Amino acid sequence: MGLITACRKQPLFSFGVISDVQYADIPDGRSFLGVPRYYRHSVLVLQRAVKKWNDLQNLKFSVNFGDIVDGFCPKDQSLNAIKKIAHEFQKFNGPVYHMIGNHCLYNLPREELLPLLNIHTNNSCAYYEFSPSPEYRFVVLDGFDISAIGWPKDHPKTLEALRVLNEKNPNLDKNSPAGLEGLKRRFLMFNGAVGKEQLEWLDRVLEDATELKQKVIVCCHLPLDPGASSLAALLWNYDEVMDVIHRYNCVKVCLAGHDHKGGYSVDSHGIHHRVLEAALECPPGSDAFGYVDVYEDRISLIATDRMKSTDMVFDS
């Protein structure tokens with residue numbers, strides 16, 4: 001009887017998730033690894049996701065994990081393509097929280113991109129936090145805070161990123177991991193880092209959440225744990241970010257996109273890392289999206305088709 005009652009317990013709240021739509025009005029193609037990509041079909045995946053979320057009627061918000069338009073999108077179409085996908089998200093009957101990915105930044109500079117995604121922060125940075133309930137806080141990181149893409153060419157953050165790439169990646173093509181071994185494979189131009197100010201902000205937010213006895217879910221386009229992701233997809237300074245997170249017990253889950261095949265791990269501190277499968281790689285008629293039921297002691301990703309459902313139970 002107790003088990004049945006537990007199974008029927010209502011979540012505190014629920015929210016929708018999708019990642020890496022990477023729409024472009026171009027013929028289908030392949031990744032550099034040869035994985036098929038369905039550029040025009042991906043908007044249909046998003047449309048079906050929004051319809052599903054609206055049909056559920058109980059979702060408090062939805063989260064887009066970045067890369068809404070593909071880097072191969074013709075540059076004269078970039079603005080309209082991003083507006084088109086942003087408009088599809090706006091059909092959801094609730095708030096949509098966006099984060100930026102590398103493909104977004106291939107298409108538009110930050111100052112143009114962020115207003116279209118309703119990200120309003122200082123100095124064109126794209127990190128922020130929100131609390132959908134007294135028990136939980138969401139932290140959205142800007143994984144391209146230090147990046148060779150998206151900032152003006154002479155911006156200090158661009159110059160810092162280029163310094164890191166030149167130091168860590170000897171290849172002429174800084175998107176090539178050739179010759180890089182193990183964790184060094186992450187030092188590619190299509191990745192980035194969290195800057196010093198953002199790390200200090202993260203520390204303050206987690207301290208505050210701890211005082212308020214809130215559980216925290218961290219969201220970032222770039223994965224934060226090698227166990228959940230290919231090494232070439234990791235945030236450059238994922239280790240520094242996780243050092244801050246591991247100082248506290250409030251963070252329970254880290255969610256990410258970017259690594260299209262998806263992944264899942266539990267790190268040494270019991271934090272769950274879930275990388276979401278990409279909408280872009282869904283053949284016509286298939287899907288990759290889901291929604292998350294949030295409870296006091298766990299979150300449950302209820303996923304569709306190519307995205308795998310995942311139950312994440314917290315230690316304490």
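The following dialogue reads selected features of a predicted model.

Colleague: Which part of the chain does the UniProt annotation cover?

Modeller: An annotation gives a name to a range of residues, and the model can then be inspected over that range. Here the record, an unreviewed UniProt entry, assigns "domain: Calcineurin-like phosphoesterase" to residues 15-261. In this predicted model, that span is 32% helix and 16% strand, and its end C-alpha atoms lie 22 Å apart.

Colleague: How should I read the order of strands in a sheet, and what is the order in the sheet that contains β6?

Modeller: The order is read across the sheet, from neighbour to neighbour, rather than along the chain. This sheet is open, has six strands in the order β6-β7-β8-β9-β11-β10, and shows mixed pairing. The edge strands are β6 (128-133) and β10 (263-266); each has a single partner strand, so one side of each lacks a neighbour in the sheet. On average, neighbouring strands are turned by 15° against each other, direction ignored.

Colleague: Which helix packs on this sheet, and which strands does it touch?

Modeller: Helix α7, residues 196-211, does so, touching β6, β7 (136-140), β8 and β9. The direction of α7 makes about 175° with that of β7.

Colleague: How many bridges join β8 to β9, and do the two strands run parallel or antiparallel?

Modeller: Bridges tell us which residues are partners across two strands. Strand β8 (residues 215-220) and strand β9 (residues 251-256) run parallel and are joined by five bridges. Among the partners, Cys-220 is matched with Ala-256 of β9, and Val-218 is matched with Cys-254 of β9. Between these strands the chain passes through helix α8 (residues 238-245), and the β-α-β crossover is right-handed.

Colleague: What lies beside β9 in β11, and is β9 buried or exposed?

Modeller: Strand β11 (residues 272-275) runs parallel to β9, with four bridges between them. Val-253 stands opposite His-272 of β11. Six of the six residues of β9 are buried, so this strand is largely enclosed by the rest of the structure. As a general point, side chains in a regular strand alternate between the two faces of the sheet.

Colleague: Which contacts does Val-275 make outside its neighbours within four places in sequence?

Modeller: A contact list shows what surrounds a residue in space. Val-275 lies in strand β11 and is buried, with a relative accessible area of 2%. Beyond those sequence neighbours, Val-275 is in contact with Pro-223, Ala-228, Ser-229, Ala-256, Gly-257, Asp-259, Gly-262 and Gly-263. As for Ser-78, its C-alpha is 26 Å from that of Val-275, and the two residues are 197 apart in sequence.

Colleague: How many disulfides does the structure hold?

Modeller: A disulfide is recognised by the distance between two cysteine sulfur atoms, with a cut-off of 2.5 Å. The structure holds zero disulfides. For Cys-104, the nearest cysteine sulfur is that of Cys-73, 11 Å away. Cys-104 counts as buried, at 1% relative accessibility. The sulfur of Cys-254 is 8.7 Å from the closest cysteine sulfur, in Cys-219, which is too far for a bond. Cys-254 is also buried, with a relative accessible area of 3%.

Colleague: What is the strand order in the sheet that contains β5, and which strands stand at its edges?

Modeller: The same reading applies. This open sheet of six strands has the order β5-β4-β1-β12-β13-β14, with mixed pairing. At the edges stand β5 (96-98) and β14 (310-313), each with a single partner strand, so one side of each is without a neighbour in the sheet. The twist from one strand to the next averages 20°. Three bridges join strand β4 (residues 59-64) to β5, and the two run parallel; Ser-62 stands opposite Val-96 in β5. Helix α2 (residues 42-56) packs on the sheet and touches β1 (13-18), β4 and β12 (288-294), with its direction at about 30° to that of β12.

Colleague: Which residues other than glycine have a positive phi?

Modeller: Phi is a backbone angle, and its sign can be read residue by residue. Gln-22 is one of them, with phi near 45°. Gln-22 lies in the loop between β1 and β2 (29-30) and counts as buried, at 0% relative accessibility. Ser-124 has a positive phi of about 60° although it is not a glycine. The place of Ser-124 is the loop between α5 (110-116) and β6, where Ser-124 counts as partly exposed, at 25% relative accessibility.

Terms used. Residues numbered from 1 in each chain as written. Predicted model: local features only at pLDDT ≥ 70, side-chain atom pairs only at ≥ 80, totals over all residues. Heavy atoms only, no water. Pairing = 2+ DSSP bridges. Axes fitted to C-alpha atoms, helices over the stretch in contact; angles between N-to-C directions. Contact = heavy atoms within 4.5 Å. UniProt positions renumbered as here; feature names shortened; annotations may be inferred. Buried < 20%, exposed > 50% of the residue type's maximum accessible area, 1.4 Å probe, protein only. Right-handed = clockwise from strand over helix to strand, strands pointing away.
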